[in-house]
Amino acid sequence: MPKLEYFVPVNASLQTIWDVLLDRIEHPERYMQGIDSFEFVESTEDFAVREILIQGFPLRERITIDERLGEVRYALEDHPLFQGAVYNALIPPANDDPKALPVVQFRMDWQPLNSEAQSAEAEGAPLLEASLKDAVHYVRDLAEHIEAKKSQAEAQTEQP
């Protein structure tokens, strides 16, 4: 599919946002519509391979986590139409701006492998772009909700 990128600022701690990004790996059904099933078929210290069935369409991806860069990479494996990856990144706020928020960025970089893929790319681009935006907004909303609940719990603990 096309190269897409979308990002939003998130009013939550880096740790809360990172936890949500990691939860997306283990529980894709919470974050993506149309998941029929999924399973991890390989797991090592460096990567995991997950197979997902999305609306009857199989997808196999190699997932790598780079905590230092704040990035999760979902690389397609053995896909008949596309090659490439989707990246979920957590970008810390600028140190010199106390009002700056962390940013969550999703980037999709899939290249078509044949003419069938090019047709699918042309037809599916608007839906994919909307899905990418929805996914980023969902991560933001969930992280902010979790952060708000943490703040409430801390405030209640501090009250006599």
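Here is a short chat about the largest pocket and about E51 in a predicted model.

Residues are numbered from 1 along each chain as its sequence is written, and side-chain values use heavy atoms, with hydrogens and water left out. Local features need pLDDT of at least 70 and side-chain atom pairs count only at pLDDT 80 or more, while totals for chains, interfaces and linings use all residues.

Trainee: Which element gives the most residues to the lining of the largest pocket?

Mentor: Happy to help! A pocket is an open set of points on a 1 Å grid over the protein atoms alone, where a 1.4 Å probe fits, with protein on both sides within 12 Å along at least five of seven lines; lining residues have an atom within 4 Å of a point. Elements giving two or more residues to this lining include β3 (48–54) and β7 (103–112), where strands are DSSP runs of E (at least two residues) and helices runs of H or I (at least four). With nine residues, the top contributor is α2.

Trainee: Is E51 buried or exposed, or in between?

Mentor: Good one! E51 sits in strand β3. Buried means under 20% relative accessible area and exposed over 50%, with partly exposed in between (1.4 Å probe, protein chains only). Because its relative accessibility is 30%, E51 counts as partly exposed.

Trainee: With which side chain does the side chain of E51 make a polar contact?

Mentor: Beyond four places in sequence, E51 touches S37, F38, E39, V41, L59 and R60, a contact being heavy atoms within 4.5 Å. A polar contact is a pair of N or O atoms within 3.5 Å; within protein, one must be able to donate a hydrogen and the other to accept it, and residues adjacent in sequence count only if both atoms are side-chain atoms. At 2.5 Å, the partner of the E51 side chain is R60.
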